[in-house]
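This note is intended for a colleague who is opening the structure for the first time. The points below may be followed with the sequence and the structure side by side.

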Amino acid sequence: TSPGTAWWTEAPSTVGPEPPVSPEKDMPRPQHPIRAKRLTYAAGEDSDREDESEDNLVEKALENGYFVLVEHALAAMDRKVATLTGFLNATEGRDKMFKVTQYGLRTFCYNEQGRLIGKEQNELLVNFAGKCSLTRKFLKIGQWLAMMRITSKVIQVDIIERYYDMLHDENPLNYSLRLKEEKGSALSHYARNIYLHMKALFKFFIQPKVWLKMLVIGRLMGLAGYFAGDNIVWAIKTKLLYRGDKTLATFWLRRALYCHVASCVCALLLNTYQAIKNWNRLVHIRKRLREHNRILEEHIDEYDLDRDSEHSEKQAQMEHYLQMVKDKMANLRFTSFKLMLDVFSSSNMAFKFGIDRRVTASMSLTSALMATWQLWKRIEAGKYNPCKSSSGPKKSPRLPRGLEPPGWFKRRRAKSSTPSIHESSKKCE
């Protein structure tokens with residue numbers, strides 16, 4: 001640097017004059033947008049993540065209303081894990097799992113007969129199958145109470161109340177379930193009460209579909225007897241009753257199987273009725289669809305677009321209903337086949353038909369696999385919730401016959417009990 005010049009000033013260039021620059025080159029070059037890096041931490045308030053991916057699972061599980069422990073919420077967020085957890089948590093699911101293990105081992109051992117694994121290992125597997133059977137009986141403890149409760153409710157609502165109605169129709173002013181009301185009543189009153197009861201019973205049993213109620217009650221009572229007998233067999237085999245007497249255990253097991261066969265027969269008859277009913281419904285829907293399509297083809301030029309859209313919506317609804325009926329028919333066939341297998345296998349043990357145990361074990365295994373698949377589908381579809389109450393709004397208590405208020409009193413009371421806003425304002429004025 002020369003004296004008198006600042007040290008920070010630039011020295012003059014010794015190279016020649018600069019070449020002229022075109023105006024296009026003077027324009028700033030467009031800058032390409034820098035791609036934002038996707039963060040690796042979980043999406044939160046300070047994150048740029050907007051999509052719902054697996055990184056959000058933990059925070060969603062912690063904020064979930066189902067949260068008890070974090071594994072519960074995470075299991076509920078996965079459909080397959082939730083189905084498996086629901087299957088294992090349900091007592092019926094555990095029963096089906098032990099049933100498949102029990103009859104699978106028995107089928108294998110009865111057909112293998114020690115030729116592959118030896119007689120000792122075969123006996124061990126048969127004993128393990130017996131332990132699975134004992135575990136299933138333990139899981140059924142108390143089930144007969146639930147069946148008896150349902151049976152009593154059906155009898156009260158569908159039998160006793162209808163019988164009361166029949167008696168009231170016969171004698172509206174003086175009806176009672178007692179045959180003889182007083183000690184000193186005459187024989188004519190006693191005979192008259194018997195006549196009224198017999199007439200009411202005859203009218204009740206000639207009602208349409210009353211046999212369906214009897215089949216349902218038979219099904220429920222058969223299940224209650226089967227579960228109660230299984231509980232007694234479990235108590236005997238664990239030496240809580242009769243010191244583990246095998247003769248008494250066999251006696252109660254056969255009685256339980258009698259009840260099981262009766263319940264399965266009642267269920268088969270109910271399924272047969274439902275199948276006939278749905279078959280008639282299926283034929284009717286198909287006939288309506290054919291008529292509908294024929295009318296559309298004959299008068300297609302006379303319809304405008306609005307009417308054509310209405311007819312297409314009706315046709316779609318009918319096809320949807322037809323598919324629902326078909327699915328129900330398939331479910332009925334599936335359940336009926338499973339019930340037939342149960343009837344054959346249980347009847348062989350109860351009545352001693354002498355069928356080879358390899359055949360009955362295979363039938364029981366097939367029935368167990370079908371029941372397991374059916375329960376799995378119900379849980380997967382969200383249709384299995386035994387703890388959910390299906391009861392609707394509570395009804396008002398029913399008054400005895402002859403004490404109900406007349407219709408005009410009910411209407412007058414309903415009108416007078418809820419005054420309108422205008423009426424209350426008039427009163428204030």
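**Notes on the predicted model**

1. Helix 5 comprises the 22 residues 91-112, which at 1.5 Å a residue should span 32 Å; the C-alpha atoms at its ends lie 31 Å apart, and this agrees with the expected value. The model is a predicted one, and the values quoted throughout are computed from it.

2. The overall composition may be stated briefly. The protein contains 14 helices and 0 strands. Of its 429 residues, 26% count as buried. The protein exposes about 32300 Å², of which carbon and sulfur atoms supply 58%. When contacts between residues at least 6 apart in sequence are considered, 66% join residues at least 24 apart.

3. Which residues of helix 5 are buried? They are Gly 93, Asp 95, Lys 96, Lys 99, Gln 102, Tyr 103, Leu 105, Thr 107, Cys 109, Tyr 110 and Glu 112. The list includes charged residues, among them Asp 95, Lys 96, Lys 99 and Glu 112. In reading such a list, one may recall that an α-helix has 3.6 residues a turn, so residues three or four places apart point the same way.

4. Helix 5 is followed by Gln 113, a residue found in the loop between helix 5 and helix 6. The phi of Gln 113 is near 55 degrees, a positive value in a residue other than glycine. This deserves a remark because most residues other than glycine have a negative phi. With a relative accessibility of 48%, Gln 113 counts as partly exposed.

5. Beyond this loop, helix 6 covers residues 119-139 and packs against helix 5 at an angle of about 155 degrees, the two axes being 9 Å apart. Are the two helices roughly parallel or roughly antiparallel to each other? Angles over 145 degrees count as roughly antiparallel, and helix 5 and helix 6 are therefore roughly antiparallel. Helix 5 passes helix 6 in a left-handed crossing.

6. Ser 133 offers a local view of helix 6, the element in which it is found. Its relative accessible area is 8%, and Ser 133 is buried, since the limit for that class is under 20%. Apart from neighbours within four places in sequence, Ser 133 is in contact with Gln 102 and Arg 106. Of these partners, Gln 102 is itself one of the buried residues of helix 5.

7. Helix 6 also packs against helix 9 (residues 210-237), at an angle of about 125 degrees and with axes 9 Å apart. This angle makes helix 6 oblique to helix 9. Helix 6 contributes Leu 134, Arg 136, Lys 137 and Phe 138 to the contact, and helix 9 contributes Tyr 226, Asp 230, Asn 231, Val 233, Trp 234 and Lys 237. The crossing of the two helices is left-handed.

8. A further residue with positive phi is Lys 239, in the loop between helix 9 and helix 10. Its phi is near 65 degrees, and Lys 239 is not a glycine. Is Lys 239 buried or exposed? Its relative accessible area is 63%, and Lys 239 is exposed, because the class begins over 50%.

9. Helix 10 covers residues 246-298 and holds Ser 263. At 0% relative accessibility, Ser 263 counts as buried. Leaving aside neighbours within four places in sequence, the contacts of Ser 263 are with Arg 219, Gly 222 and Leu 223.

10. Lys 314 has its place in helix 11, which covers residues 305-351. The relative accessible area of Lys 314 is 48%, and the residue is partly exposed. Lys 314 and Leu 289 are separated by 25 residues in sequence, while their C-alpha atoms are 9.6 Å apart in space.

11. The last pair to examine is helix 4 (residues 79-89) with helix 12 (residues 357-380); they pack at an angle of about 125 degrees, with their axes 9 Å apart. Helix 4 is thus oblique to helix 12. On the side of helix 4, Arg 79, Thr 83, Leu 84, Gly 86 and Phe 87 take part, and they meet Thr 372, Leu 375, Trp 376, Ile 379 and Glu 380 in helix 12. What is the handedness of the crossing of helix 4 and helix 12? This crossing is right-handed.

Technical notes: Residues numbered from 1 in each chain as written. Predicted model: local features only at pLDDT ≥ 70, side-chain atom pairs only at ≥ 80, totals over all residues. Heavy atoms only, no water. Helix = DSSP H or I, 4+ residues; strand = E, 2+ residues; numbered from the N terminus. Buried < 20%, exposed > 50% of the residue type's maximum accessible area, 1.4 Å probe, protein only. Contact = heavy atoms within 4.5 Å. Areas by Shrake-Rupley, 256 points an atom, 1.4 Å probe, with all protein chains shown as cover. Expected span 1.5 Å × (residues − 1). Axes fitted to C-alpha atoms, helices over the stretch in contact; angles between N-to-C directions. Parallel < 35°, antiparallel > 145°, perpendicular 65-115°, else oblique. Left-handed = near helix turned anticlockwise from the far one by under 90°.
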